[in-house]
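Q: Could you take me through one part of this model up close? I'd like to see what surrounds the ligand, and then have a peek at one lysine elsewhere in the chain.

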Amino acid sequence: MIKINPSEITPEKLFFSRRTFLAGLGTVVAGAVLLNGCGTEETAPPPAPAPPAAAPEPPPLEPTSYDAIISYNNFYEFSLSKEGVAALAQDFKTSPWSVEVGGLVKRPQTFAIEDLLKQFPPEEKIYRHRCVEGWSMVIPWDGFPLSRLLKAVEPQSNARYVRFVTLLDPEQMPGQNGGVLDWPYQEGLRLDEAMHDLTLMATGIYGKPILPQNGAPLRLVVPWKYGFKSIKSIVKIELTEEMPPTTWALAAPHEYGFYANVNPGVDHPRWSQSTERRIGDLSRQPTLPFNGYAEEVAYLYEGMDLTRFF
Ligand code: MTE
């Protein structure tokens with residue numbers, strides 16, 4: 001199994017300064033080799049003992065360009081064409097906006113988006129983003145851990161799942177006037193998945209407020225799962241005892257399930273999951289179990305048969 005170093009999750013500024021540092025290091029190493037090549041056998045020092053073999057470093061996470069992130073989107077409420085979403089969503093009204101958080105909680109609350117941002121100031125998180133269709137990106141999100149919001153409403157002891165619902169507004173979202181899915185789009189997580197540190201409520205990308213095509217003003221990001229779990233433009237979060245229905249599993253139960261953890265060993269009926277194409281790259285690369293986050297999340301699924309699709 002390919003191991004991913006958690007330090008790969010590097011803020012953009014550090015990411016670039018680390019590259020500068022590594023580039024500098026390359027010059028020094030190359031310089032040392034050159035100097036060594038100028039020596040003679042008599043003056044050259046005895047060879048140093050070989051260093052212990054190090055594990056190969058995984059490639060750094062190189063963020064996808066902002067242009068690609070905001071112009072290649074899946075958001076069926078606007079369009080089935082990835083390139084068509086941005087234009088149709090450009091006038092989408094994201095203010096005023098509020099999010100109702102309720103169900104099996106001790107302190108149900110409705111939050112205005114500005115208050116959420118004040119209460120839970122966003123931090124940058126650079127995550128891999130993997131669509132079940134076989135393409136991927138690396139996105140520098142700004143957001144806050146969902147766990148902070150859930151703790152604020154105090155889940156009751158019988159809460160086991162979290163359900164998320166997108167805005168229903170066919171006047172603004174032309175795709176909701178018909179189409180292939182039942183509206184509003186809904187998704188769900190088990191409560192322990194929702195409370196995991198990696199699970200993010202995203203409000204920005206590359207330090208700018210998130211645009212409508214990416215799920216403004218608030219969307220879920222669960223980086224170890226296929227992208228369809230990361231529901232956009234959320235208006236409702238509800239804690240439940242039963243596993244909530246989810247849009248894609250309702251539409252095509254033989255293709256999609258509730259868990260949808262990225263798994264290169266289990267193909268979707270229409271798309272192999274063993275490799276992926278990073279948007280901006282020409283060649284494909286191996287897909288990583290749990291999208292590269294196995295070390296952080298595999299324990300959540302101990303004892304589960306992960307070879308059953310989703
Ligand atoms: N959320 C809603 N409400 N509607 C959608 O059609 N598409 C999902 C997910 N969230 C979708 C959604 C899918 S299939 C993917 S791959 C991601 O959003 C795409 O996110 P991006 O456009 O920001 O890359």
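A: Here is a walk around the ligand, followed by a stop at Lys82. Keep in mind as you look that this is a predicted model.

Start with the neighbours. There are 17 residues around the ligand, and the ones that come nearest are Tyr76, Glu77, His129, Arg219 and Lys232. Sort that shell by class and you get seven nonpolar, seven polar and three charged residues.

Now zoom in on some of those nearest residues. Glu77 has a polar side-chain atom sitting 2.8 Å from one of the ligand's nitrogen atoms. With His129, the ligand's partner is an oxygen atom, found 2.8 Å from an N or O atom of the His129 side chain. Arg219 also faces a ligand oxygen atom, with an N or O atom of its side chain 2.9 Å away. How much of the ligand is covered up? On its own, the ligand would expose 540 Å², and the protein buries 98% of that. As for where all this happens, the ligand takes up the space of the largest pocket.

Next, hop over to Lys82. You'll find Lys82 in the loop that runs between helix H2 (66-71) and helix H3 (85-89). Is Lys82 buried or exposed? Its relative accessibility is 14%, and the cut-off for buried is under 20%, so Lys82 counts as buried. The Lys82 side chain has a partner too: a polar contact of 2.9 Å links it to the side chain of Asn74.

Technical notes. Residues are numbered from 1 along each chain as its sequence is written. This is a predicted model: local features need pLDDT of at least 70, side-chain atom pairs count only at pLDDT 80 or more; totals for chains, interfaces and linings use all residues. Side-chain values use heavy atoms; hydrogens and water are left out. A residue is near a molecule or strand if one of its heavy atoms lies within 4 Å of it. A polar contact is a pair of N or O atoms within 3.5 Å; within protein, one must be able to donate a hydrogen and the other to accept it, and residues adjacent in sequence count only if both atoms are side-chain atoms. Accessible areas come from the Shrake-Rupley method with a 1.4 Å probe; for residues, only the protein chains shown count as cover. On a 1 Å grid over the protein atoms alone, a cavity is a set of points where a 1.4 Å probe fits but cannot get out, and a pocket is an open set with protein on both sides within 12 Å along at least five of seven lines; lining residues have an atom within 4 Å of a point. A molecule sits in a cavity or pocket if more than half of its atoms lie within 2 Å of its grid points. Ala, Val, Leu, Ile, Met, Phe, Trp, Tyr, Cys and Pro count as nonpolar, Asp, Glu, Lys and Arg as charged, and the others, Gly among them, as polar. Helices (H or I, at least four residues) and strands (E, at least two) are DSSP runs, numbered from the N terminus. Buried means under 20% relative accessible area, exposed over 50%, partly exposed in between (1.4 Å probe, protein chains only).
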